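Biologist: I should like to learn how to read the packing of helices in a model such as this one. Could we begin with the general idea and then turn to the case at hand?

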Amino acid sequence: MEDIGDFFNINERKIARLNDFIALSLRRKNISKELQGLADQATVIRDQLVVAHESMLTEMNKLEDDFTMVMSEMRKKQILIMQFIIEEKERKIKEAEEEDKKVQLLLSCGKSKGATGSAIKKSASKSAVKLLGSNLARLNLNHHGSITPKIKIKDYKQSPLVQKKISPIPIQFEEFDVQIAQKDFDKIPKYMCGRETLDQLNSFLETVIIPCFNEKYKLIHKQRQGLRSNDLELWKMFNEQSHYLPGKHFITLGDITRVLNKMLDKKTQNRLTMLRHVGILQEQRIKQTVCYVWSYNG
């Protein structure tokens, strides 16, 4: 019985295969046409892909050549610009050095006049003042990035600058020439620094505090006949305050407010505290006036 069942199963499979073969044979012509069509389409697509790939490679090569050329031109232009900037800076530095030599020479002339009395004629003094003022004004050092001429207060007091009315001239007194070092900044307690950085504190010192001292002691040592009309009241106030702390250089909260053109905020007060901590300023109260005394001794 088992042999008979196996026989029928095998025959059924053969019959099914035969039926499939007959069905495929009947559709052979249609299938062949469809397969041939697909093969033709595949050939066309392949050719198109080859052409597209070659075109893409050609464009990429052109782009690479253009990019190389553009970068080369940019580098050449950059080199020319850098050379121009360097030459301009060197020229300005050289001009500033030459003008500074003239200024120092004129200042020394004014100093020698104070020492020798009548050794220099009055007309020569006037021309020296005029030339000195024009030289310093032409330098315009605060606005052109050059170095402001440095001078000691005692030499400034003996120079022609204190005698005549001339346009405001940028002057840096050597007594107030200081910059905070990293090692000194690191000594400030962290709670006092907060988010303040060394650069920010040095910037406050250079743009607010030092200019306060320079402007005050440039004006306070002026002779009355050398004052401009709008400086007279400030000159009187500075001279009245000079008796607060004889022999010391100081500024007040009012001076700082005037430079900042605003009331002192918490951040500014904290920066003043930090400058006291590093030994540049000391705070003293005289007649209800808060004074910041220059205590840095170099």
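Modeller: Let us begin with the angle between two helices: each axis is a line fitted to C-alpha atoms over the stretch in contact, and the angle runs from 0 to 180 degrees between N-to-C directions. Please keep in mind that this is a predicted model. In it, H8 packs against helix H9 (residues 232–241) at about 95°, and their axes lie 9 Å apart.

Biologist: How is H8 oriented relative to H9, roughly parallel or roughly perpendicular?

Modeller: Angles of 65 to 115 degrees count as roughly perpendicular. The angle of about 95° therefore makes H8 roughly perpendicular to H9.

Biologist: Which residues of H8 and H9 meet?

Modeller: On the H8 side they are Lys216, Leu219 and Ile220, and on the H9 side Leu234, Trp235, Phe238, Asn239 and Gln241. By class, this contact of H8 with H9 holds five nonpolar residues, two polar and one charged.

Biologist: Which residues does Gln241 contact, leaving aside its neighbours within four places in sequence?

Modeller: Gln241, a residue of helix H9, touches Lys216, Phe250 and Thr252 once those neighbours are set aside. A residue counts as buried under 20% relative accessible area. Gln241 has 9%, so it is buried.

Biologist: At what angle do the axes of H8 and H10 cross?

Modeller: The axes of helix H8 (residues 198–220) and helix H10 (residues 253–260) cross at roughly 110° and come within 10 Å. This angle makes H8 roughly perpendicular to H10. The crossing of H8 past H10 is right-handed. H8 contributes Thr207, Val208, Ile209, Cys212 and Lys216 to the contact, while H10 contributes Asp255, Ile256, Val259 and Leu260. Six of the residues in the contact of H8 with H10 are nonpolar, one is polar and two are charged.

Biologist: Which residues of H10 are buried, and what covers them?

Modeller: The general idea is to identify the buried residues and then to ask which elements are in contact with them. In H10 the buried residues are Asp255, Ile256 and Thr257. Their cover includes H8, H9, strand S3 (250–252), helix H11 (266–277) and strand S5 (289–294).

Biologist: I should now like to examine a buried residue in H8 itself. How far apart are Asn214 and Ile171 in sequence and in space?

Modeller: One reads such a pair by setting the separation along the chain beside the distance in space. Asn214, which is found in helix H8, stands 43 residues from Ile171 in sequence, and their C-alpha atoms are 7.0 Å apart. With neighbours within four places excluded, Asn214 is in contact with Ile171, Gln172, Phe173 and Phe176. Its relative accessible area is 5%, so Asn214 is buried.

Biologist: Where is Cys193 found, and what does Cys193 contact?

Modeller: Cys193 belongs to helix H7 (residues 190–193). Beyond its neighbours within four places in sequence, Cys193 contacts Phe185, Ile188, Asn270 and Met274. Its C-alpha lies 8.4 Å from that of Arg271, a residue 78 places away in sequence. Cys193 counts as buried because its relative accessibility is 9%.

Biologist: How should one read a positive phi, and what is the value for Asn261?

Modeller: One notes the residue type, its place in the chain and its exposure. Asn261 is not a glycine, yet its phi is positive, about 60°. Asn261 follows H10 and lies in the loop between H10 and H11. A residue is exposed over 50% relative accessible area. Asn261 has 69%, so it counts as exposed.

Biologist: Is Gln288 buried or exposed?

Modeller: Gln288 is exposed, since its relative accessible area is 79%. Gln288 sits in the loop between strand S4 (281–286) and S5, and its phi is positive, near 65°, although the residue is other than glycine.

Biologist: How many helices and strands does the protein have?

Modeller: The protein has eleven helices and five strands. Of its 298 residues, 28% are buried. Where contacting residues are at least 6 apart in sequence, 62% of the contacts join residues at least 24 apart. The accessible surface is about 21000 Å², and carbon and sulfur atoms account for 56% of that area.

Conventions. Residues are numbered from 1 along each chain as its sequence is written. This is a predicted model: local features need pLDDT of at least 70, side-chain atom pairs count only at pLDDT 80 or more; totals for chains, interfaces and linings use all residues. Side-chain values use heavy atoms; hydrogens and water are left out. Helices (H or I, at least four residues) and strands (E, at least two) are DSSP runs, numbered from the N terminus. Angles under 35 degrees count as roughly parallel, over 145 as roughly antiparallel, 65 to 115 as roughly perpendicular and the rest as oblique. A crossing is left-handed if the near helix is turned anticlockwise from the far one by less than a right angle, and right-handed if clockwise. Contact means heavy atoms within 4.5 Å. Ala, Val, Leu, Ile, Met, Phe, Trp, Tyr, Cys and Pro count as nonpolar, Asp, Glu, Lys and Arg as charged, and the others, Gly among them, as polar. Buried means under 20% relative accessible area, exposed over 50%, partly exposed in between (1.4 Å probe, protein chains only). Accessible areas come from the Shrake-Rupley method with a 1.4 Å probe; for residues, only the protein chains shown count as cover.
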